[in-house]
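Good morning, colleagues. Please take a moment with the sequence and the model before I begin.

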Amino acid sequence: MLDVLIAAWLTAATVRELPGQPPVVLAVGRTVPATGGWPDLARTVACRAFAGEVLTYLLVWPPGESESPVPVAFYRETVLCPRAV
């Protein structure tokens, strides 16, 4: 069930992958997923593009009428992704 919720959130989210040391992944959605799924969501987002240590931010667009809203972080984690063999 959690995989379905993560997939649904990611389908609607904007994901940006920024190479660096460590690389950073930003995932921005319109809603905040259930708290229990945040670590799995961070791991899924981070490990899609990178191996090793990845700094991952999960963000949400705040509700409102602004044309250029600034996303707000609700979860941050450094994820260790397995290296490709």
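Apart from its neighbours within four places in sequence, Val 45 makes contact with Leu 10, Val 15, Val 25, Ala 27 and Thr 56, where contact means heavy atoms within 4.5 Å. I should say at once that this is a predicted model, in which local features need pLDDT of at least 70 and side-chain atom pairs count only at pLDDT 80 or more, while totals for chains, interfaces and linings use all residues. Residues are numbered from 1 along each chain as its sequence is written, and side-chain values use heavy atoms, with hydrogens and water left out.

Let me turn to the core. Val 45 is one of the residues that touch the most other members of the largest nonpolar core, together with Trp 9, Leu 10, Leu 41, Leu 58 and Phe 74; this core has 20 residues. At least two of its residues come from each of α1 (2-12), β2 (24-29), α2 (38-47), β3 (52-60) and β4 (72-81). The largest contribution is that of α2, with 5 residues. By a nonpolar core I mean a set of buried Ala, Val, Leu, Ile, Met, Phe, Trp, Tyr and Cys residues joined through side-chain atoms within 4.5 Å. Buried denotes under 20% relative accessible area, exposed over 50%, and partly exposed in between, with a 1.4 Å probe and protein chains only. In soluble globular proteins, nonpolar side chains tend to be buried together.

What of Thr 44, in helix α2? Thr 44 counts as partly exposed because its relative accessibility is 32%. Beyond its neighbours within four places in sequence, Thr 44 contacts Ile 6 and Leu 10. Its C-alpha atom is separated by 14 Å from that of Val 28, 16 residues apart along the chain.

Now the overall architecture. The protein has 2 helices and 4 strands, which follow the pattern α-β-β-α-β-β along the sequence. These are DSSP runs numbered from the N terminus: helices are H or I of at least four residues, and strands are E of at least two.

Which radius of gyration does the protein have? The value is 13 Å, which agrees with the figure near 12 Å for a compact globule of 85 residues. The radius is taken over C-alpha atoms, and the globule rule is 2.2 Å times the number of residues to the power 0.38. Buried residues make up 36% of the 85 residues. Among contacts with a separation of 6 or more, 58% join residues 24 or more positions apart.
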